[in-house]
Amino acid sequence: MTQSFHPPVRTLMGPGPSDVSPRVLAAMARPTIGHLDPEFIRMMDELKQMLQYAFKTENALTMPVSAPGSAGMEACFVNLVEPGDKVIVCQNGVFGGRMKENVERFGGIAIMVEDDWGKPVDPIKVEAAFAANSDVKVLAFVHAETSTGVMSDAKALCEIARKHNALTIVDTVTSLGGSELDVDGWGIDAVYSGTQKCLSCPPGISPISFSERAVATVAARKSKTPSWFLDKKLVMGYWGGGAKRAYHHTAPVNSLYAFHEALVMLEEEGLENSWARHSHHHNALRAGLEAMGINFLVDEEYRLPQLNSVFVPAGVDEAEVRSRLLQDYNLEIGAGLGALAGKVWRIGLMGAACNKRNVLFCLSALESTLAQMDAPISVGKALPAAQSVYND
Ligand SMILES: *Cc1c(COP(=O)(O)O)cnc(C)c1O
């Protein structure tokens, strides 16, 4: 007989999913009710309001897509890009490449602005791309590149798009809840995120928000949105329909309980406090890693607090370290992707996983593992360095 599955209890300090709080897991185990039940609809209304708070937006079209972050990405592109539309796509890591793929699959023309992995999107290159191309409909970029640990200046990029009368599509999967994000203040038109990074919810839901300009653009489409499931005009009958909500698809009822609970916790903490917590623990982790002799890939001024890309010390088998951390400490950290594979680790400090215990635990587990492998690191300095940040 096949046995029930009982996952090991891990500490998740990779690029996501992050540790899920027991409160969120408990919410998920509450009884399933109908997705048109008046009590469920009341919960949906609360969820939408809390999501508006998290995104800092008044956008009416703010809702969770019933699928992971990649589906939120696709929802933005499939609704806003029509065949022949020009889209400037900024690429400085893995996720910009997926944006290009989306644009091209929906018949758009992707104008690429490329920056090195580990660097932010360069606003000067974006200006140049607008200058070289007329009638650009959309500027698309990733706010927080999880593949490298880089933050781009979303506010400055949105200003450029506005000046050229283009819409913006912004990936905030890793920034939402972890670093400053101001959808209305920065004038973002379409934004998507995920639940499993800094909101510390199980994966599988993608919150999105569309500005009035974006909604008007969708309404003015010349062609039908090529995806039935992600067509925002149709989904709004369910999420935006008030008392007259109509069946579109069966919402993932229990996953939405979990997301509701995660957003309640964000409200309790306060959005700005959550941003500050991420940067505080990042400072402690950084002090510890640097004291050990481990260096960061990304320059300090555009480093993400919630995703720390650090160089693997010379001569160390990085995969062996990750597998020992998992086996000996039940600790997950992330590997490098693409050109950075084998060269860096990605240490996440996201959502509920971003706390003092995890910082100290990760530093001591990494230090003792590296010391056992005779890696060229300084031993005995990391914990005092992190502690001194906490004692300041
Ligand atoms: C994780 C991530 C995604 C994809 O989200 P999934 O939930 O894995 O589909 C997209 N963009 C960024 C920046 C991410 O970090």
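Q: Where is the place of Asp 85?
A: This is a predicted model. Helix 3 covers 69–80, and strand 3 covers 86–91. Asp 85 sits between these two elements, in the loop.

Q: Is Asp 85 buried or exposed?
A: The relative accessible area of Asp 85 is 12%. Buried means under 20%. Asp 85 is therefore buried.

Q: Which residues is Asp 85 in contact with, leaving aside its neighbours within four places in sequence?
A: Contact here means heavy atoms within 4.5 Å. With the neighbours within four places set aside, four names remain for Asp 85: Leu 80, Gly 108, Ile 109 and Lys 137.

Q: With which side chain does the side chain of Asp 85 make a polar contact?
A: One partner lies 52 residues away from Asp 85 in sequence, yet 6.3 Å away in space, C-alpha to C-alpha. The side chains of the two make a polar contact at 2.7 Å. The partner of Asp 85 is Lys 137.

Q: Which strands stand at the edges of the sheet?
A: Seven strands form an open sheet with mixed pairing, in the order 2-10-9-8-5-3-4. Each edge strand has a single partner strand, so one side of each lacks a neighbour in the sheet. The edges are strand 2 (61–65) and strand 4 (109–114).

Q: How many bridges join strand 3 to strand 5?
A: Strand 5 spans residues 136–142 and runs parallel to strand 3. Lys 86 stands opposite Val 136 in strand 5. The number of bridges joining strand 3 to strand 5 is four.

Q: What angle does the direction of helix 8 make with that of strand 10?
A: Helix 8 (residues 212–219) packs on the sheet. Helix 8 touches strand 2, strand 5, strand 8 (167–171) and strand 10 (206–210). Its direction and that of strand 10 make an angle of about 85 degrees.

Q: Which side chain has an N or O atom 2.6 Å from a nitrogen atom of the ligand?
A: The residues around the ligand include Ser 70, Phe 95, Asp 171, Thr 174 and Lys 197. Polar side-chain atoms of Thr 174 and Lys 197 lie by oxygen atoms of the ligand, at 3.2 Å for Thr 174 and 2.7 Å for Lys 197. The pair with a ligand nitrogen atom, at 2.6 Å, belongs to Asp 171.

Q: How much of the area that the ligand exposes alone does the protein bury?
A: Taken alone, the ligand exposes 380 Å². Of that area, the protein buries 88%.

Notes
Residues are numbered from 1 along each chain as its sequence is written. This is a predicted model: local features need pLDDT of at least 70, side-chain atom pairs count only at pLDDT 80 or more; totals for chains, interfaces and linings use all residues. Side-chain values use heavy atoms; hydrogens and water are left out. Buried means under 20% relative accessible area, exposed over 50%, partly exposed in between (1.4 Å probe, protein chains only). A polar contact is a pair of N or O atoms within 3.5 Å; within protein, one must be able to donate a hydrogen and the other to accept it, and residues adjacent in sequence count only if both atoms are side-chain atoms. Two strands pair if DSSP finds at least two bridges between them. Axes are lines fitted to C-alpha atoms, for helices over the stretch in contact, and angles run from 0 to 180 degrees between N-to-C directions. A residue is near a molecule or strand if one of its heavy atoms lies within 4 Å of it. Accessible areas come from the Shrake-Rupley method with a 1.4 Å probe; for residues, only the protein chains shown count as cover.
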